[in-house]
Each structure stands twice: as structure tokens, then as C-alpha cells.
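This note is addressed to a colleague who has not yet examined the structure. Please read the numbered points beside the sequence and the model.

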Amino acid sequence: MIIVRFAPSPTGYMHIGNLRTALLNYLFALSQKKSSGEDFSFVLRMDDTDTERSKPEYEQAVYEDMRWLGIDWDRLEHQSKRLDRYHQVLEDFKQRGLVYACYETAEELEYKRRRQRARGLPPVYDRAGLKLSEEEKEKLEREGRKPHYRFMLAHKETCWDDLVRGHCSYNGAHLSDPIIMREDGTFPYMLPSVIDDVDFGITHIIRGEDHVTNTAVQIQMFEALGAKVPVFGHPPLLTGREGKLSKRLGSISSRELREQGIEPMTIASLLARLGTSDPVVVCHDWQELAGHFDLTRFGRAQPHFDTEDLFKLNPRVVRSMPLDQVNVHLKQCGETEISESFWQAISPNIDKIGDIAEWKQICFSDITFNLTQEERSFCRQIIEFLPSGDFDDTTFGSWMAIVKEKTGKKGKDLFHPIRLALTGKEQGPELKMLLPVLGREKTIRRLQG
């Protein structure tokens with residue numbers, strides 16, 4: 001079984017970059033199931049150990065955004081509930097000599113890095129903590145210092161075949177031993193993530209390219225735990241107007257897009273191809289989208305995300321949406337369902353589902369629209385030329401043929417007054433499609449004014 005995970009931090013509302021990570025994991029697993037029949041499981045893991053910035057409202061927003069996007073999870077975990085497990089592994093690593101205590105302050109570490117850069121050296125930690133005697137450690141602790149702990153990397157090549165980047169290799173000698181416990185006793189991201197991936201059986205990890213170096217470090221941690229190393233894929237990060245997308249930089253959140261009428265499958269269809277050379281394919285469900293998805297098609301260049309692309313794509317998604325999906329949306333909004341004929345008539349003029357309400361008001365309410373005296377006179381004149389019988393999509397053409405012959409009008413002089421009388425709009429759905437929706441009685445009443 002393929003097991004993927006999405007691990008958001010509930011420290012703010014999710015932006016489009018977060019959604020992309022969730023989406024790529026879900027689509028990858030779904031596409032593998034379609035191609036090989038191999039089942040999958042999706043794990044949602046809350047990285048909520050930052051107690052100051054993690055908020056319940058942000059966690060709830062993650063659930064809402066995921067459900068809105070149409071991604072469900074099979075397992076929900078919270079890192080804040082697994083601290084005992086992390087301490088257990090840390091103690092095991094201590095016993096095995098895989099971690100060591102360090103006592104530098106943040107300022108002292110930054111000073112070391114600056115000196116190394118000034119000498120043209122990479123800012124790699126010098127393992128000063130390993131050289132401290134027990135007496136020196138006790139002295140530092142009497143002075144009030146508390147240790148932080150680092151994982152000791154093996155100075156060897158660490159390699160993996162990345163689903164996006166191809167073959168990757170890093171030498172541990174060129175990397176700093178990562179801090180795995182801070183002096184205040186809290187755990188940074190690095191070790192808990194590996195422990196979780198092992199305990200939850202994660203087989204594939206798809207995350208942003210900013211984690212590539214982390215991967216070299218974490219592979220050694222997987223090996224230290226005696227675990228099978230997952231398959232990794234690191235697509236390039238999206239960039240926006242302010243550079244890298246992030247909650248702190250104020251990138252547009254998914255809930256803002258939702259409030260502006262952007263459909264989930266608009267986001268999914270765009271993000272499934274953004275970063276590839278392939279054109280966007282409009283899809284209306286995840287199964288269809290997974291059939292077009294291939295993670296290996298993603299390139300190394302950072303793709304630019306522009307919300308305007310969503311607003312351009314959204315009408316294509318909405319206008320081609322099957323009626324049953326449209327009615328599901330309407331029911332969720334407390335609106336009444338619509339008929340196939342009405343949807344076929346108005347859909348070419350809809351940019352978002354919310355636009356339907358206006359056309360329902362236009363077509364089904366008992367209203368008339370203001371026209372000039374000349375326009376109203378013309379509309380009243382042509383009532384007598386309406387074909388008999390029930391209206392269908394041929395009625396308007398037959399009617400106009402007679403009106404042209406009898407009045408000599410054509411083009412805008414012919415159609416503009418009729419459109420204004422029937423809809424109150426300068427532009428809108430094809431009148432041949434709209435006439436059967438309005439029906440004879442309402443058509444005559446609106447022409448009459």
C-alpha cells in the first residue's frame with residue numbers, strides 16, 4: 001500500500017502553496033492506484049508543537065480547506081500528543097552515541113557562522129560540543145546554560161533518486177549536525193517528522209524543494225531507526241508577487257479564493273500542471289484529474305503562481321460543470337436546484353456558481369425592465385409574430401425571420417430591444433436558449449411591459 005502524508009502547521013490560514021503540497025500527495029497516490037491498482041492511505045499530521053503560534057482556529061481551517069478541496073484523510077495525528085515517543089527515541093540515540101550536547105547560545109553560533117563565511121568556508125557546525133569534558137559541561141550548566149542536542153551525521157555520501165529532481169547526493173561532512181532538541185526541551189521539525197514517518201509507515205514523501213537538504217539529513221535518521229527509507233519527490237516551490245509563497249508574507253489564502261467563487265477543481269486543475277510544460281486540462285473530479293497526472297513531468301524551474309490564472313480558468317471549469325455537480329453546490333448554499341434547460345441556457349455566461357442567483361432572479365421572478373418609448377413600442381409590435389405552440393430552441397429563429405420580414409429591422413436594432421425587454425441586460429445568454437426557459441406567458445408580459 002502507498003501511504004502519503006500532508007503535515008501542515010496550524011500557525012496560520014493555508015495558502016495556495018500548502019494546498020499544492022496536499023494536492024500533489026493526493027494526486028500522486030491516486031494516479032498510482034489508477035495505473036497499478038495499488039491502494040493508498042492519506043495521513044493528515046498536525047505539526048503543532050509550536051504552542052505559541054499554533055491555534056485551534058487555524059487547525060479547524062485546515063480541516064475546512066481540505067474538505068472543501070475534496071481531499072479526505074484516512075488517519076489524523078497530532079505531534080503535540082507524541083512527545084513521549086520523541087523523548088524515547090532521543091534517549092535511545094543518546095545511549096547509542098548518535099547525539100551530543102552543545103551549549104552555544106544563538107548569538108555565539110551566529111558569530112561562528114559569520115567568521116566561517118568571512119574565511120570563505122561553508123557555515124558548518126564545528127562539533128565543539130563533542131570536545132567538551134564532563135567537567136566543562138557541569139561548569140556551563142552551573143552558569144545557567146542548558147544544552148541543546150545535535151544528531152551526529154556520518155561523514156559519508158547520502159544518495160536517493162528523487163521523483164522530480166532525479167539522482168541526489170550530499171556528503172554529511174558538508175552539512176551541519178542538525179539540532180534535534182532545543183535548550184528549552186522542545187523539538188524542532190527534523191527528528192519528530194522522521195519518527196512519525198516511520199511509525200505511520202509513510203512510503204512516499206512529496207514536499208517542496210526547500211526540504212532537499214533536510215532529506216539528506218533525515219535519510220541518516222531513518223537508517224539510525226533501522227527503517228526503510230521512503231521515496232522522495234521535491235517539486236520546486238511556487239513563487240508569487242512577493243516572492244516565495246508563505247503565510248507570513250500574506251499570500252492569498254485558500255479561504256479568500258473560496259469566498260471569491262473559485263472552484264476547488266479550478267485550483268486542482270491548475271496546480272496539477274503548474275510547473276510542467278503540459279497544458280491545463282479542465283477536470284471535474286479527482287479520478288479524472290489523476291488520469292492526467294504525472295509527477296515526473298514537473299521541471300526544476302520555479303513556476304510562477306498568479307491568482308489571475310485562477311480567475312481566467314474558473315469560468316471554463318464552471319461552464320463545463322455537469323448539472324448534478326451544479327445542483328450539489330446550490331444545495332450546499334441553501335439554493336434551489338435548477339433544470340437542465342436553464343443551465344444550458346445560462347452556463348456560457350457564468351463565471352462562478354454565485355452568478356446563477358442573478359439569472360434565476362432574471363428568469364423566474366415577476367419583473368419587467370425599463371425601455372425607451374421607441375424600444376417598448378417595437379417590442380409590443382412584434383408580440384403578434386410569436387410562433388404558436390410551446391417554445392423550443394427553434395422558436396426564436398422562426399420568430400426573428402418573421403420580424404425581419406415584417407419590420408425590416410436587423411442586427412442590433414432588432415436584437416437589442418428584445419434582449420433588454422426579456423433580461424434587462426445588454427448582453428447575456430443566447431435568446432434562442434432563453435426563450436423556452438421564460439415561456440410564452442412571461443415573454444409576452446415582458447415584451448408588453
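The points below take up the cores, two helices, one loop residue, a cavity and a pocket.

1. Basis of the note. The model is predicted, so local features need pLDDT of at least 70 and side-chain atom pairs count only at pLDDT 80 or more, while totals for chains, interfaces and linings use all residues. Residues are numbered from 1 along each chain as its sequence is written, and side-chain values use heavy atoms, with hydrogens and water left out.

2. Largest core. A nonpolar core is a set of buried Ala, Val, Leu, Ile, Met, Phe, Trp, Tyr and Cys residues joined through side-chain atoms within 4.5 Å; buried means under 20% relative accessible area, exposed over 50%, and partly exposed in between (1.4 Å probe, protein chains only). The largest such core holds 89 residues, and those touching the most other members are Met66, Ile267, Trp286, Trp343, Ile356, Trp399 and Ile418. Its largest share, 10 residues, is supplied by helix H1 (residues 16-36). Helices (H or I, at least four residues) and strands (E, at least two) are DSSP runs, numbered from the N terminus.

3. Tryptophan 399 and the second core. With neighbours within four places in sequence set aside, tryptophan 399 has contacts (heavy atoms within 4.5 Å) with Ile382, Phe385, Leu386, Pro387, Ile418, Leu435 and Leu447. Separate from the largest core is a second one of 36 residues, with Val43, Leu90, Ile195 and Ala216 among them.

4. Helix H6. In helix H6 (residues 190-199), eight of the 10 residues are buried, including Met190, Leu191, Pro192 and Ile195. The cover over the buried residues of H6 includes strand E1 (2-6), strand E2 (40-46), helix H3 (83-95), strand E8 (179-181), strand E9 (204-206) and H7. After H6 comes glycine 201, with a positive phi near 70°.

5. Helix H7. What span should the 13 residues of helix H7 (residues 212-224) have? At 1.5 Å a residue the expected value is 18 Å, and the end C-alpha atoms are 19 Å apart, which agrees; the expected span is 1.5 Å times one less than the number of residues. Of the 13 residues of H7, 11 are buried, among them Val212, Asn214, Gln218 and Phe222. Glycine 226, just after H7, has a positive phi of about 70°.

6. Arginine 127. Most residues other than glycine have a negative phi. Arginine 127, although not a glycine, has a positive phi of about 60°. Arginine 127 sits in the loop between helix H4 (106-118) and helix H5 (134-142), and it counts as buried because its relative accessibility is 18%.

7. Cavity. On a 1 Å grid over the protein atoms alone, a cavity is a set of points where a 1.4 Å probe fits but cannot get out, and lining residues have an atom within 4 Å of a point. There is one cavity of 30 Å³ or more. The largest cavity is lined by Ala272, Arg273, Thr276, Asp278, His292, Phe293, Asp294, Arg297 and Phe298.

8. Second largest pocket. A pocket is an open set of grid points with protein on both sides within 12 Å along at least five of seven lines. The second largest pocket has 16 lining residues, and Trp68, Pro264, Met265, Gln325 and His329 lie nearest its centre. Helix H2 (56-69), helix H9 (264-271) and helix H12 (323-332) each supply at least two lining residues, with H12 giving the most, four.

Technical notes
Grid points are joined across faces, edges and corners, and a volume is the space filled by probe spheres set on the points.
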